[in-house]
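User: I am in my first year and would like to understand how the terms used for a protein structure are justified. Could you take me through some of them?

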Amino acid sequence: MTLNTFHFAGVSAKNVTLGVPRLKEIINVSKNIKTPSLKIFLEKEYRNREQIVTKLGGMIEYTTLQHVVSNSGIFYDPDPKKTIIKADEELVNLYNEVPSHEENDEVNPWVVRLELDPEKMVHKDLTITAIDKMLHDSF
């Protein structure tokens, strides 16, 4: 692996981390990766199957909520039965039709609204259920 570095000597445009440092980046899942790319060679039977490749990529690629959110906002919405956000009226009405089994009736008037990008979610192989679970586990 380290012999390849000789071929890039003096080429400033080619910023490549090779050898042991690159191996350490990959194994330790470094937060500050110097070369943020990786080639993975799949077996012939899987190479042209987009669904499998997308699923595999979603499983190994580090993804945060920021990667799939297209728009976000924080709103003051004091009435839990209605909403000041026009785009959410139908969703809030549907939500209020389902009886709540929670003991705590106190509602926080602050609403964090996240709009998810469907294309990015497909690319990352994410579902609303998976995002909901991660949010509940984190908060």
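Analyst: What follows is a set of questions and answers about this structure, which is a predicted model.

User: Why is Val 112 called exposed?

Analyst: Val 112, which lies in strand β2, has a relative accessible area of 61%. The word exposed is used for values over 50%, and because 61% is over that limit, Val 112 counts as exposed.

User: Which nonpolar surface patch includes Val 112, and what makes Val 112 fit to be part of it?

Analyst: The patch covers about 890 Å² and is made by Leu 65, Ile 74, Tyr 76, Trp 110, Val 112, Leu 114, Leu 135 and Phe 139. The elements that give two or more residues to the patch are β1 (69–76) and β2 (110–116), and the largest share, three residues, comes from β2. A patch residue needs over 30% relative accessible area, so Val 112, at 61%, meets that requirement.

User: What is known about the lining of the largest pocket, and which element gives the most to it?

Analyst: The largest pocket holds about 1900 Å³ of space and is lined by 37 residues, with Tyr 95, Val 107, Trp 110, Val 111 and Val 112 nearest its centre. The elements that supply two or more lining residues are α4 (89–97), β2 and α6 (128–138), and β2 gives the most, with seven residues. By kind, the lining divides into 20 nonpolar, six polar and 11 charged residues.

User: How is the lining of the second largest pocket made up?

Analyst: The second largest pocket has about 840 Å³ of space, and of the 21 residues that line it, the closest to its centre are Ile 33, Leu 38, Ile 60, Glu 61 and Tyr 62. Both α1 (19–28) and α3 (50–60) supply at least two residues of this lining, and α3 contributes the largest share, five residues. The lining consists of nine nonpolar, eight polar and four charged residues.

User: How do you know that Asp 125 and Lys 55 form a salt bridge?

Analyst: The closest N and O atoms of Asp 125 and Lys 55 are 3.9 Å apart. A salt bridge requires such atoms to be within 4 Å, and because 3.9 Å is within that limit, the pair counts as a salt bridge. This pair links distant parts of the chain, with Asp 125 in the loop between α5 and α6 and Lys 55 in helix α3, 70 residues apart.

User: What makes Asp 125 and Lys 55 partly exposed?

Analyst: Partly exposed describes values between the buried limit of 20% and the exposed limit of 50%. Asp 125 has 37% relative accessibility and Lys 55 has 46%, so both are called partly exposed. Asp 125 also has a positive phi of about 55° although it is not a glycine.

User: Is Arg 113 buried or exposed, and which residues share a network of salt bridges with it?

Analyst: Arg 113 has a relative accessible area of 17%, and because buried means under 20%, Arg 113 is called buried. Arg 113 forms a salt bridge with Glu 115, their closest N and O atoms being 2.7 Å apart, and Glu 115 is partly exposed, with a relative accessible area of 33%. Asp 88, Arg 113 and Glu 115 are linked in a network of salt bridges.

How values were computed. Residues are numbered from 1 along each chain as its sequence is written. This is a predicted model: local features need pLDDT of at least 70, side-chain atom pairs count only at pLDDT 80 or more; totals for chains, interfaces and linings use all residues. Side-chain values use heavy atoms; hydrogens and water are left out. Patches are made of residues with over 30% relative accessible area and no salt bridge: like charges are joined within 9 Å, nonpolar side chains (Val, Leu, Ile, Met, Phe, Trp, Tyr) within 5 Å. Accessible areas come from the Shrake-Rupley method with a 1.4 Å probe; for residues, only the protein chains shown count as cover. A salt bridge is a side-chain nitrogen of Lys or Arg within 4 Å of a carboxyl oxygen of Asp or Glu. Helices (H or I, at least four residues) and strands (E, at least two) are DSSP runs, numbered from the N terminus. Buried means under 20% relative accessible area, exposed over 50%, partly exposed in between (1.4 Å probe, protein chains only). On a 1 Å grid over the protein atoms alone, a cavity is a set of points where a 1.4 Å probe fits but cannot get out, and a pocket is an open set with protein on both sides within 12 Å along at least five of seven lines; lining residues have an atom within 4 Å of a point. Grid points are joined across faces, edges and corners, and a volume is the space filled by probe spheres set on the points. Ala, Val, Leu, Ile, Met, Phe, Trp, Tyr, Cys and Pro count as nonpolar, Asp, Glu, Lys and Arg as charged, and the others, Gly among them, as polar.
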